[in-house]
Amino acid sequence: MIRRLLAALGPEDARPVRRLLALLVAAAVLQGLAFALLVPLLRALLGPDPRDAWAPLGWFALATAAFLAITFHAQNEGFRTGARVARQLHHVLGEAIVTLPLGWFAGGRSGELTRVAGQSVLQVMSLPAHQLRPLVTAVVTPATVLVALLVIDWRVGLAVAVAVPVLLVVLRVGNDLLARSDRGRDAVIHEAAARVIEFARAQPVLRAFGATTDGNRVLDDALVAQRDADRRMIGLAVPGLVSFAFGVRVVFTAALALAVQLALTGSLDPATAIAVIVLVARFTETIGTGAEIGASLRMSGNALTRITDVLDTPPLPEPARPRRPESYEVEFAGVGFGYRADAPVLRDVSFTLPERGLTALVGPSGAGKTTVARLLARFADVDTGAVRIGGVDVREIAADDLMGLVASVFQDVYLFEGTLADNVRLGRPDASADDLDRVGRLAGLIQVVEELPAGWDTRVGEGGATLSGGQRQRVSIARALLKDAPIVVLDEATAALDPENDAAIGAAVTELATRATVLVIAHRLQTVQAAEKILVLRHGVVAEQGRHTELLAAGGTYAEFWERRTHAAGWRLVPTTEEKR
Ligand code: ADP
């Protein structure tokens, strides 16, 4: 585990941890030595002339003072190193996050990242700050005492040395039992926490349907599973812990009996026998502390695994010789892709998006429309086939260049803590106030700005908490307009379609299509009708493609889709909200 930590920290920040380790080993050796010096001290005290005890007492005092001084220093150093480890882990995590494939974040992973950067880093930080000292003490001090024992009386020393591997096996078995119970427990706890949050968030829905009093079966099941996992862990942990403590006591008793036996037969003088017993007691006491920190060590190990999992996620490979596309038509050629190997989402998707044209992507929910949009922005790499821009495979375009080429407006718009202007300027940091007004007008954001007392300087709160979903999406569209990228991918979020937003999106799409290659995941019938090309995605392939009138005439999937949509629209009381769903 230490080696994994050192590897995660990098060479420079691994040095203080190594220094700390050296200090702790020195302190533990000195502690063992101080224990060993008890032997000449006791021998002298119990010998014919107690005044002989002064010299060994001096040595004992010296070793103890050195041990205390180094331990004090190591303790401070441990806290300092812990803080440094936390800082460095945050740093390497930060560096890793910006190179993670964007697809990594798509599966609700932001919560996981919060846990890794918070809880896991704190847990690993406690390794140098709190756990390393007892761990080193539990290994090095008994080892030093054992060497001393072998020197003082090889028979007792040998007996204890033989017992060590047995104790290690007992410890190992106990730890394995614990690890087995721990394995599933982590996932169960995670699931229960997620269900509790879901239960809290879903309160308005649950109350509206009167589903609060009967309990929530999914939540109940998750909590019962957590209780069972806890019980299982206790059932397995207790025998594991008790067996080691029992083994340590057996060793102590056996060594005690041996020393007494040797003293009785006269082959060990009584003073040495007492000193040896004291040493054996110190040995068993220090080795026993190791088992006590086992649980927290294991938690640190798990936390470290969660961190290294993020650090070890490979970034999407960068091209050795990057190319820049000269034109901006987009081509999907036989694209196959799945988030998991056993569940392909796209099987053989082929189409082209005309340069500076509007293409609408339609299809049933779950057909893979968002996935197509993600692949175009290289959130992940395709499994088969290729995505090309101007004839150049996106995998051959440098990540920075690609990011400059594609602007995405997805449903889950995140706004940063800051002003409205800051958030729109993400699209182009050097944009002037006039530019902001222009894109604000196009995206329908200007109405929002004008209604706010602080206008563009209104702070939006973390995640854009003070704005509605539709308003957040308009900020995102304004960003994309400001970025002026040659390719734009836009998801017309159904949830955010109120009349005002509807008009804003319509205007923005029309504007964008005059200067960029635009792919819209379309929910508005106007967009679909206005599109130069419509792609109908179904069962992992493009089932139909063409213009509205052609597809309608063909009488296939699209005609059915249109029929259903317009039929549904007929039921609307207010025509402008017809595409709300
Ligand atoms: P659409 O946008 O057409 O509704 P999506 O592209 O969002 O469809 O999803 C297509 C399929 O891929 C669905 O079955 C969905 O469950 C799955 N999927 C989408 N995103 C992820 C993800 N991040 N991890 C795993 N599966 C995903």
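**Ligand site**

I started with the ligand: 13 residues surround it (a heavy atom within 4 Å counts as near), and G366, G368, K369, T370 and T371 come nearest. This is a predicted model, so I kept the cut-offs in mind: local features need pLDDT of at least 70, side-chain atom pairs pLDDT 80 or more, while totals for chains, interfaces and linings use all residues. Numbering runs from 1 along each chain as its sequence is written, and side-chain values use heavy atoms, with hydrogens and water left out.

Next I sorted the shell by type: five nonpolar, six polar and two charged residues. For the sorting, Ala, Val, Leu, Ile, Met, Phe, Trp, Tyr, Cys and Pro are nonpolar, Asp, Glu, Lys and Arg charged, and the others, Gly among them, polar. Helix α10 (residues 369-376) supplies the largest share, four residues; helices here are DSSP runs of H or I, at least four residues, numbered from the N terminus.

Then I looked up the polar atoms. A polar side-chain atom of T370 sits 2.5 Å from a ligand oxygen. A polar backbone atom of A367 is 3.1 Å from an oxygen atom of the ligand. On R374, a side-chain N or O atom lies 3.2 Å from a ligand nitrogen. The ligand alone exposes 560 Å², and the protein buries 63% of that (Shrake-Rupley, 1.4 Å probe).

**T81**

I moved on to T81, in helix α3 (residues 54-97). T81 counts as buried because its relative accessibility is 3%, and the cut-off is under 20%. Its side chain reaches the backbone oxygen of E77 at 2.6 Å. Leaving out residues up to four places away in sequence, T81 touches P16, V17, L20 and P128 (heavy atoms within 4.5 Å).

Terms used
Polar contact = N/O pair within 3.5 Å; in protein donor to acceptor, adjacent residues only side chain to side chain. Helix = DSSP H or I, 4+ residues; strand = E, 2+ residues; numbered from the N terminus. Buried < 20%, exposed > 50% of the residue type's maximum accessible area, 1.4 Å probe, protein only.
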